Amino acid sequence: MMKILVTGGAGYIGSVVVARLLEQRHHVEVLDDLSTGHHDAVAGEAVWHRRPLRSAGEVLDGSFDAVVHLAARSLVGESMQHPERYWHGNIVETLALLDAMRHHSVPRLVFSSTAAVYGDAGSDPITEMTATQPTNPYGASKLAIDHMLTAEATAHGLGAVSLRYFNVAGAYGALGEHHDPETHLIPNLLTAAEHHRDGRDYAPAQIFGTDYPTRDGTAVRDYIHITELADAHVLALEHATPGTHEILNLGTGVGTSVREVVDAVRQVTGVPIQVREADRRPGDPPVLVASGAQARRLLGWVPEARVTAMIQDAWTARSQHAPGPPVVRDAPTPAGGHLRPGSRSPELPPSSSS
Ligand SMILES: NC(=O)c1ccc[n+]([C@@H]2O[C@H](COP(=O)([O-])OP(=O)(O)OC[C@H]3O[C@@H](n4cnc5c(N)ncnc54)[C@H](O)[C@@H]3O)[C@@H](O)[C@H]2O)c1
Ligand SMILES: O=c1ccn([C@@H]2O[C@H](COP(=O)(O)OP(=O)(O)O[C@H]3O[C@H](CO)[C@H](O)[C@H](O)[C@H]3O)[C@@H](O)[C@H]2O)c(=O)[nH]1
């Protein structure tokens, strides 16, 4: 049993990582400022800290065995328009986390890196040796953190694993993807399907770019199921070794184009959603498909789910309820006081928001 702090544990991926770690009987604490996450997505057994990442030093102490660090800004488009948000929100805040971990001698870190560090890498499967040439500030900020972790491991003995996820999709039970605004392809298509099914007016879903050098002109991504992705974190925690920084791509090796995703959503939902062809979205590479050989070799991690299963699970999750509220600790009240464990923060979003 490990004592683990999960930053960003109220987010889409973090909430599933928390659920899987709790199932493995680990002690889990969540640090999240709820900037994009949902309080109700955090399982009730987790200890809750509503805080910004830069205050991690007030949560960590010498009793923690590890940190799983998912908290970040992560929108390619936003990063093109407001790069400074990514230098501050990702790089500066992570530096504060690393300072706190070093101060309290927390020995292990598993970090959410991204395929976006590779940029336009061509059509071959991307290995960890592929050149990193991010095409947007989001990817650049994550690459900077990967470099920080390498130095931290070498200089100070941290055991770090960077997991470079490709495109995460699907749901774990009722834990699905809910962002506002939502920019990701699959949830946008499912929202269009819901509106079409319910006979509501809706703006057609958009296909960003139909002139890419791909088999049907639309961008190709490697979609991985969120449950399998979460399980890779559990394995990575066990693998983290003091003084080393491992970097692992997490993908299936199967590329799916935007048009193929649209077809799969129509097939799974049975709804003939309308789509509109639009210009490319700035910062988007044409193709991102992983080689998963290194993750298979080091972690024994072999993803099996295909994109239709991810869409089916995400579609099913939309009709289910989120779990109940967790224990609340040190959530500031509007008056600047603190709530007792077990009480509910007045700042929390309504339960329907997750
Ligand atoms: N979704 C994907 O396909 C994908 C792919 C590759 C990498 N990633 C990475 O995985 C991680 C999680 O992504 P997600 O899709 O779950 O995003 P998300 O926005 O749903 O979750 C991020 C969580 O972090 C919290 N957060 C953000 N900044 C914070 C800060 N400064 N202090 C405290 N909390 C903060 C948010 O409130 C949210 O709960 C991110 O680091 C992202 O870059 C995601
Ligand atoms: O409504 C939409 C939304 C997206 N797309 C397209 O669909 C593809 C996938 O886009 P997403 O927004 O779903 O995902 P991204 O590839 O932009 O990014 C995701 O995966 C990356 C890694 O590949 C990053 O890590 C990032 O955090 C995560 O958001 C892109 O070509 C995008 O242009 C559309 O055509 N229409």
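1. UniProt positions are given here in the numbering used for this chain, feature names are shortened, and annotations may be inferred rather than shown by experiment. With that understood, the UniProt record, an unreviewed entry, places the feature "domain: NAD-dependent epimerase/dehydratase" at residues 4-251. The model under discussion is predicted. Within it, the span 4-251 is 35% helix and 20% strand, and its end C-alpha atoms lie 25 Å apart.

2. The surroundings of ligand 1 deserve attention. A shell of 25 residues encloses ligand 1, the closest being G8, G11, G37, A72 and S74. At least two shell residues come from each of α1 (12-23), α3 (83-103), β5 (108-114) and β7 (167-169). Helix α1 gives the largest share, three residues. Sorted by class, this shell holds 11 nonpolar, 11 polar and three charged residues.

3. Ligand 2 has 21 residues around it, and those that come nearest are T114, A115, H184, F208 and A219. Two elements, α5 (185-197) and β8 (205-208), give two or more residues to this shell. The largest share, four residues, is supplied by β8. The class composition of the shell around ligand 2 is 11 nonpolar, seven polar and three charged residues.

4. Helix α4, residues 137-156, contains 20 residues. From first C-alpha to last it reaches 28 Å, close to the 28 Å expected at 1.5 Å a residue. Its buried residues are P137, Y138, G139, A140, S141, K142, L143, I145, L149, E152 and A153. The cover over these buried positions includes α2 (76-81), α3, β5, β6 (159-165) and β11 (245-250). Just after α4, G157 adopts a positive phi of about 85°.

5. On the interior: in soluble globular proteins, nonpolar side chains tend to be buried together. In this model the largest nonpolar core has 105 residues, and V18, L189 and L250 have the most contacts inside it. Leaving aside neighbours within four places in sequence, L189 is in contact with A205, V261, V262, V265 and I273.

6. V275 belongs to strand β13. Is V275 buried, exposed or partly exposed? V275 counts as partly exposed because 16 C-beta neighbours lie inside 10 Å, and a residue needs 20 or more to be buried. Not counting residues up to four places away in sequence, V275 touches P204, A205, Q206, I207 and V262. For V275 and V262, a separation of 13 residues in sequence corresponds to 8.3 Å in space, C-alpha to C-alpha.

7. P285 is placed in the loop between β13 (275-278) and β14 (287-288). Although it is a loop residue, P285 counts as buried because it has 22 C-beta neighbours inside 10 Å. Beyond four places in sequence, the residues that P285 touches are G119, D120 and T135. The C-alpha atoms of P285 and G173, 112 residues apart along the chain, are separated by 31 Å.

8. The loop between β5 and α4 contains M129. M129 is exposed because 8 other C-beta atoms lie within 10 Å, where 12 or fewer is the limit for an exposed residue. M129 and V106 are 23 residues apart along the chain, and their C-alpha atoms are separated by 29 Å.

9. Several backbone features merit inspection. Most residues other than glycine have a negative phi, and most peptide bonds are trans. R25, in the loop between α1 and β2 (27-32), has a positive phi near 70°. R25 counts as exposed because it has 10 C-beta neighbours inside 10 Å. L34, found in the loop between β2 and β3 (47-50), also shows a positive phi, near 60°. L34 is partly exposed, since 17 other C-beta atoms lie within 10 Å.

10. Which two residues does a cis peptide bond join? They are D180 and P181, with omega at about 5°. P181 itself lies in the loop between β7 and α5. These two elements also appear in the ligand shells: β7 supplies at least two residues around ligand 1, and α5 gives two or more around ligand 2.

Key. Residues numbered from 1 in each chain as written. Chains lettered and ligands numbered in written order. Predicted model: local features only at pLDDT ≥ 70, side-chain atom pairs only at ≥ 80, totals over all residues. Near = placed C-beta within 6 Å. Nonpolar A, V, L, I, M, F, W, Y, C, P; charged D, E, K, R; others polar. Expected span 1.5 Å × (residues − 1). Contact = placed C-beta atoms within 7 Å. Core = buried A, V, L, I, M, F, W, Y, C linked by C-beta atoms within 7 Å.
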